[in-house]
Amino acid sequence: MTALRTLVSGLAMGESPRWHDGRLWFSDMGTKVVTAVDLDGRAEVVAEVPGMPMGLGWLPDGTMLIVSSDGRLLRREPGGSLATQADLTGLSRYPWSDMVVDGRGNAYIGNIGFDFGARDEQPAGGAHPGTVALVTPDGTARIVADDTAFPNGIAVTPDNATLILAESYANRLTAFDIDASGALSNRRLWADLGDGVPDGIWLDPQQAVWYADVPNQRCVRVREGGEVLQTVEADRGCFACVLGGPGDRTLFVMAARWPDCMDGDLRTGQVLAIDV
């Protein structure tokens with residue numbers, strides 16, 4: 001395995017990387033833009049988002065979806081303008097976060113269920129206020145999972161049958177069955193991560209999961225059951241990761257110094273890359 005290299009630097013707080021159409025697409029929460037970058041580091045701002053941009057995905061017809069922290073799922077139109085695909089404000093008053101779009105066009109979006117920046121709103125006594133919403137291709141939104149401990153990265157298996165959710169505050173990956181309507185059931189432990197704190201995740205072709213870990217400054221590849229297969233160490237917190245590049249053999253990591261990245265003026269965010 002080669003060493004980590006820096007593809008992009010000077011970000012505020014990068015999140016939700018996706019490899020699409022030969023480029024890496026990601027959100028920069030601190031500057032409220034979505035950027036696409038090629039393997040030579042040439043970057044293009046593809047969307048300016050009114051709220052903080054978070055999860056990214058594409059419908060089967062190629063339409064791009066962007067989660068905005070103001071409670072909307074946005075649709076990027078062919079000319080680059082943004083329109084509302086779904087209004088999520090009736091489901092939660094808290095900001096929405098990561099998203100995965102499955103092969104049927106169903107979008108699953110996490111919500112932690114509290115104000116992360118307010119000390120008096122931190123969950124206490126084992127409370128798990130997080131939820132997962134489903135937005136169907138027609139823009140209908142509903143809650144399909146609750147009682148989750150800081151839902152973060154989300155992945156869906158290629159057969160659209162299983163959803164895997166990172167629960168950061170429970171140090172675990174949790175799996176659900178997906179039925180024909182998109183509803184979730186049969187909740188179960190996919191992997192106990194020990195001291196691992198999963199943020200963004202990515203399911204690889206071997207059905208192992210890469211998870212990014214902010215406090216432990218690493219990305220870890222685990223199989224179902226929790227066996228660690230690979231670990232990539234960084235010098236700053238790792239917020240999300242994705243496989244891409246030729247043959248999907250490059251791991252792209254969104255990294256930043258924590259908690260400095262909460263200050264939008266401190267540009268410690270980077271896109272790191274490593275062949276795995």
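Let's start with a pair of residues: Ala36 stands opposite Glu44 in E5. Before going further, note that this is a predicted model, where local features need pLDDT of at least 70, side-chain atom pairs count only at pLDDT 80 or more, and totals for chains, interfaces and linings use all residues. Residues are numbered from 1 along each chain as its sequence is written, and side-chain values use heavy atoms, with hydrogens and water left out.

**Exercise 1.** Find out which strand pairs with E5 and in which sense.

*Solution.*
- Step 1: Recall the terms. Strands are DSSP runs of E with at least two residues, numbered from the N terminus, and two strands pair if DSSP finds at least two bridges between them.
- Step 2: Look at residues 33-37, which form strand E4. This strand and E5 pair in the antiparallel sense over 5 bridges.

**Exercise 2.** Describe the sheet that holds these strands, and name its edge strands.

*Solution.*
- Step 1: Read off the order, E2-E3-E4-E5, in an open sheet of 4 strands with antiparallel pairing.
- Step 2: Look for strands that pair on one side only: these edge strands are E2 (14-20) and E5 (43-48).
- Step 3: Add the twist, which averages 25° from one strand to the next. For such angles, axes are lines fitted to C-alpha atoms, and angles run from 0 to 180 degrees between N-to-C directions.

**Exercise 3.** Work out why Cys241 forms no bond with the closest cysteine sulfur, and decide whether Cys241 is buried or exposed.

*Solution.*
- Step 1: Set the limit: a disulfide is a pair of cysteine sulfur atoms within 2.5 Å.
- Step 2: Check the distance. The closest cysteine sulfur to that of Cys241 is in Cys219, and because it is 4.1 Å away, it is too far for a bond.
- Step 3: Check the surroundings. Cys241 has 1% relative accessibility, so it counts as buried (buried is under 20% relative accessible area, exposed over 50%, partly exposed in between, with a 1.4 Å probe and protein chains only).
- Step 4: Count for the structure: it holds 0 disulfides. Cys238 is in no disulfide either, and its nearest cysteine sulfur, that of Cys219, is 4.2 Å away. Cys238 is buried too, at 2% relative accessible area.

**Exercise 4.** Compare the radius of gyration of the chain with that of a compact globule.

*Solution.*
- Step 1: Use the globule rule, 2.2 Å times the number of residues to the power 0.38, with the radius taken over C-alpha atoms.
- Step 2: For 276 residues, a compact globule would have a radius near 19 Å; the chain has 17 Å, which agrees.
- Step 3: Complete the picture: buried residues make up 55% of the 276 residues.
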